[in-house]
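Me: I am new to this structure and would like a close look at a single part of it, set in its wider surroundings. Could you pick one strand and explain carefully what lies around it?

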Amino acid sequence: MSGRPGTGPEASGIPNVLSIAGSDPSGGAGIQADLKSIAACGGYGMAAITALTAQNTRGVTGVHTPPAAFLTEQLESVAADVRLDAVKIGMLANVEVIRAVGAWLEGLRAQASAAGCGDGGARPPAIVLDPVLVATSGDRLSGSGSVAALRRLLPLVDLATPNLPELAALCGRPVATDWAGALEQARELSAGYGVLVLAKGGHLAGKECPDALVGPEGVLLEVPGERVDTPNTHGTGCSLSSALATLFARTGDWARALVLAKAWLRGALEASGQLEVGGGHGPVHHFAALWSGAGVPREEASLDTWWNGIADLRESIDGLGFIRQLREGTLARADFEHYLAQDALYLQTYGRVLSQASALAPDLAAQRFWAQSAHGCMVSERTLHQGRLELADGALPAVVPSATTTGYLNHLQAAAASGSYPVLAAALLPCFWLYRDIGARLAAGNRPDHPYADWLAMYSSPEFDEATRQAIGWVQAAANTARPAELAAMRTAFRESSRWELEFFDQRPEAATRAAVPGPATAARGS
Ligand SMILES: Nc1ncnc2c1ncn2[C@@H]1O[C@H](COP(=O)(O)OP(=O)(O)O)[C@@H](O)[C@H]1O
Ligand SMILES: Cc1ncc(COP(=O)(O)OP(=O)(O)O)c(N)n1
């Protein structure tokens, strides 16, 4: 999913990104949203205005469209002077305007091929088309005949980002009612017009909000996402498409740009309540991350990137006989009890380390989260283990910690001893995230007569899901403001804990017997 070779900013590393879009005077959508998004994502933003709208967070009351020839004049003026690394196209109010943009794009292409693209000559910018037809409020933003004209624009762009109604209109089909239907329409559009398509889940019903890059053969990358519970979704399409254009210009890869843009937009949606703008669908908080000190989206600070970076370990965990047998309910009781005994030993020290994260936390809310997690670990999970292992309250299983249990706990205690809250939080996260991930798949095999039904239910419960979501949020917040060396240490700690999780699931009873070496974990357990 890389772009054309060489596309991207020159020496400064700051790409020049042009938005060709309408004006939203309330600032949440159109060129205003685009310029904020481009700046928030690390680009230099420019805007050629296609139309003036009179609108606010409740709706659109008027549209004024200047002559298409004047748009062409704006585009030619900017392009004659400024190197364009990416272009985002938004609201094009009528067929004449769409044709003017199409003619300008063809001119750019012709210039690039005449100059010998790739040989040090002018390169065409990456083009993102957000085919705006109707605003969130339901008001039309493009006139009749626009759909056919937009279809002719598609082969001239690199990526199209229609929402579900726009996708359906471009395909000439009814609006998709589920994600599978949306992906199929996106594939059809991609194959029909030779363009990469971003299928967007914003208009789906339900708590999931996925997006997917789709090519002529089907899905290239799907990025899942939970729906943020907010009315402030005005301009999400404009913001995402300009963020994508900017981040593609910075990374040269659509998949990497999407992962970063989606995480950034999520933060902007979550922080939208901090703004007090209008009484309808308010804007997202484009600068939430920037103003919090996190800076522009960085791949190395994105937890989605970390998660993708442990795909090999996750695959290995999924492939373990232990996990398969646990799901099927065929795991031998002795094996399960061995695992539980080691887990009980692990959790006692893990609870202490969670308490240390609370002690190191930078603010009261984070302090409370880690303290509650320590409490949850010590009470609920120990209760489950004690019940299954038939232990008296507070008693530990009469086994020695395995080399794996000891090694994992040593790693966590070393993170705590480093005194760095971000590093410790990162080290603690896989025990939430990997369990939630595995728990969701294990839960699919759960049934009332499953021998380990209560255990499977705990790790797929809404409470554990929520705790994991919050843990991810706290670690992401810490990563956002971490300096490069600390960020690298966080990522190493996260991967190392994930590797220990794999080993923990893979340990065998005989390995534990061999490895009865008391280490620091044992000492901590006894105190
Ligand atoms: N409530 C929400 N929570 C999380 N992401 C959302 C939410 N609403 C929209 N999005 C995301 O915003 C982007 C724009 O989506 P969509 O609403 O489908 O397009 P448009 O704004 O063009 O109508 C997509 O990445 C989508 O997943
Ligand atoms: C001037 C202008 N352009 C585009 C839109 C539609 O914006 P979009 O990002 O698709 O967001 P929604 O408002 O539909 O969520 C607009 N309203 N005004």
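Reply: Five bridges join E8 to strand E9 (residues 218-223), and the two run antiparallel. Strands here are DSSP runs of E with at least two residues, helices are runs of H or I with at least four, and both are numbered from the N terminus; two strands pair if DSSP finds at least two bridges between them. The model is a predicted one, in which local features need pLDDT of at least 70 and side-chain atom pairs count only at pLDDT 80 or more, while totals for chains, interfaces and linings use all residues. Residues are numbered from 1 along each chain as its sequence is written, with chains lettered from A and ligands numbered from 1 in the order in which they are written.

To stay with E8 and E9, the two strands are joined by a hairpin through two residues, and across this pairing the bridge partner of Ala 212 is Glu 222 in E9. Another partner of E8 is strand E7 (residues 196-200), joined to E8 by four bridges and also running antiparallel; here Asp 211 in E8 stands opposite Lys 200. Four of the five residues of E8 (residues 211-215) are buried, so this strand is largely enclosed by the rest of the structure. A residue counts as buried if 20 or more other C-beta atoms lie within 10 Å of its own, as exposed if 12 or fewer do, and as partly exposed in between, with C-beta atoms placed from the backbone. In a regular strand the side chains alternate between the two faces of the sheet.

Following the sheet onward from E7, one comes to strand E6 (residues 159-160), which is joined to E7 by two bridges and runs parallel to it, with Ala 160 opposite Val 197 in E7. The strands belong to an open sheet of nine, in the order E3-E2-E1-E4-E5-E6-E7-E8-E9, with mixed pairing. Its edge strands are E3 and E9, each of which pairs on one side only.

Lys 200, the residue opposite Asp 211, also leads to a ligand. Of the 19 residues around ligand 1, those that come nearest are Asn 163, Lys 200, Gly 202, Thr 236 and Gly 237, where a residue is near a molecule if its C-beta atom, placed from the backbone, lies within 6 Å of it. The elements that give two or more residues to this shell are helix H7 (236-251) and helix H8 (254-270), and the largest share, four residues, comes from H8. By class, the shell around ligand 1 has five nonpolar, nine polar and five charged residues; Ala, Val, Leu, Ile, Met, Phe, Trp, Tyr, Cys and Pro count as nonpolar, Asp, Glu, Lys and Arg as charged, and the others, Gly among them, as polar.

Gly 237 appears again at ligand 2, where 19 residues form the surroundings and Gly 22, Ala 29, Gly 30, Gly 237 and Cys 238 come nearest. Strand E1 (16-23) and H7 each supply at least two residues of that shell, which divides into seven nonpolar, eleven polar and one charged.

Helix H8 matters for the interior of the model too. The largest nonpolar core, meaning a set of buried Ala, Val, Leu, Ile, Met, Phe, Trp, Tyr and Cys residues joined through C-beta atoms within 7 Å, has 88 residues, and those with the most contacts inside it are Val 101, Val 157, Leu 244, Ala 261 and Trp 264. H8 gives the largest share of this core, eleven residues. Leaving aside its neighbours within four places in sequence, Ala 261 is in contact (C-beta atoms, placed from the backbone, within 7 Å) with Leu 240, Ala 243, Leu 244 and Leu 247. A second, separate core of 55 residues includes Cys 377, Ala 416, Met 490 and Ala 493.

Finally, the whole chain gives the setting for E8: there are 21 helices and nine strands, and buried residues make up 46% of the 527 residues. Among contacts with a separation of 6 or more, 72% link residues 24 or more positions apart. The C-alpha trace spans about 85 × 50 × 45 Å along its principal axes.

Technical notes
Two residues are in contact if their C-beta atoms, placed from the backbone, lie within 7 Å.
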